[in-house]
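The exercises below concern aromatic rings and their neighbours in a predicted model. Work through each task with the structure open before reading its solution.

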Amino acid sequence: MIKLFFYFLPFLSLFLPSIWVNYVLRKNNNPLPDMPFTGKELGLKILQENKLENVLIEPIKQIDHYNPLEKKVNISEDKLYKKSITSIAVVAHEIGHAIQDKENYKPLLLRQKLIEKTIIFQRLGSFLLIIGLPSIFAITKSPFITFLAAIIIMGCLSTNVLIHLITLPVEFDASFKRALPILQKYVPKQNMRQCRSVLRAAAFTYLAQSIVSIFRLKVILFSFINILKSIIRR
């Protein structure tokens with residue numbers, strides 16, 4: 001049993017950040033009866049105070065994020081309209097990125113440049129993934145080319161993880177240097193511990209999601225490679 005635990009420990013460690021992030025966000029997303037505003041209401045107030053009239057807050061079904069190109073704070077619907085700690089803390093975190101953008105915060109600009117320069121690699125990886133390794137093998141009849149395509153897919157799509165890892169300080173700056181001082185003005189002291197916990201989770205969200213996505217992709221690709229090897233040996 002102990003040996004089995006240590007065997008799965010490396011795989012479990014890859015999922016732990018995502019599990020922890022989702023747990024913290026769900027735990028603190030219950031509506032509070034004495035909370036005077038929803039996440040969007042507080043967000044609009046923060047935007048007004050920081051003279052960010054060109055920034056919009058919009059609901060989204062995907063992961064929460066700030067889009068510096070469109071000047072939009074995108075928050076999932078299950079958070080945006082709730083009077084919860086998660087709602088107000090996540091909105092404040094994403095607006096923290098908008099404040100960074102307004103101030104031309106260099107690490108944020110660096111991340112945007114990295115994303116722009118590596119987008120072609122991510123598109124190449126996505127294109128090859130859509131084609132599918134079985135199709136590539138059927139067309140080329142070459143195990144080597146198929147294996148090479150698998151490596152290219154992994155390498156291209158892993159750039160997203162690398163970018164978020166390198167620019168993780170950008171997330172902590174948005175949470176604790178931008179959002180936290182704002183929340184301290186509006187949130188009762190007894191709730192600040194929860195706010196800090198959510199802000200910490202928000203800082204790790206992108207990285208945690210990227211790690212899980214790449215791990216799942218790796219399992220799919222290597223499963224196919226093993227199948228391919230068994231076919232070749234026959």
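**Exercise 1.** Establish how F172 and F176 are placed along helix α8, and classify their ring pair.

*Solution.* Begin with the sequence: F172 and F176 are four residues apart in helix α8 (residues 168–186), and are therefore separated by about one helical turn. Next take the geometry, in which the ring centres lie 6.1 Å apart with 15 degrees between the planes. Since planes under 30 degrees apart count as stacked, the pair of F172 and F176 is stacked. Finally, consider accessibility: F172 is partly exposed, with a relative accessible area of 28%, and F176 is likewise partly exposed, at 23%.

**Exercise 2.** Classify the ring pair of F172 and F204, and state which parts of the chain it ties together.

*Solution.* The ring centres of F172 and F204 are 5.3 Å apart and their planes stand at 90 degrees, so this pair is edge-to-face. Because F172 lies in helix α8 whereas F204 lies in helix α9 (residues 192–233), the pair ties together parts that are 32 residues apart in sequence. F204 is partly exposed, with a relative accessible area of 25%.

**Exercise 3.** Which residues do ring pairs link into a cluster, and which residue lies over the face of Y105?

*Solution.* The count of aromatic pairs comes to four, and ring pairs link W20, F172, F176 and F204 into a cluster. Turning to Y105, the residue over the face of its ring is R178, at 5.1 Å from the ring centre.

Notes. Residues are numbered from 1 along each chain as its sequence is written. This is a predicted model: local features need pLDDT of at least 70, side-chain atom pairs count only at pLDDT 80 or more; totals for chains, interfaces and linings use all residues. Side-chain values use heavy atoms; hydrogens and water are left out. Rings of Phe, Tyr and Trp (its six-membered ring) pair if their centres lie within 6.5 Å; planes under 30 degrees apart count as stacked, over 60 as edge-to-face and the rest as tilted. Helices (H or I, at least four residues) and strands (E, at least two) are DSSP runs, numbered from the N terminus. Buried means under 20% relative accessible area, exposed over 50%, partly exposed in between (1.4 Å probe, protein chains only). A charge sits over a ring if NZ of Lys or CZ of Arg is within 6 Å of the ring centre and within 35 degrees of the ring normal.
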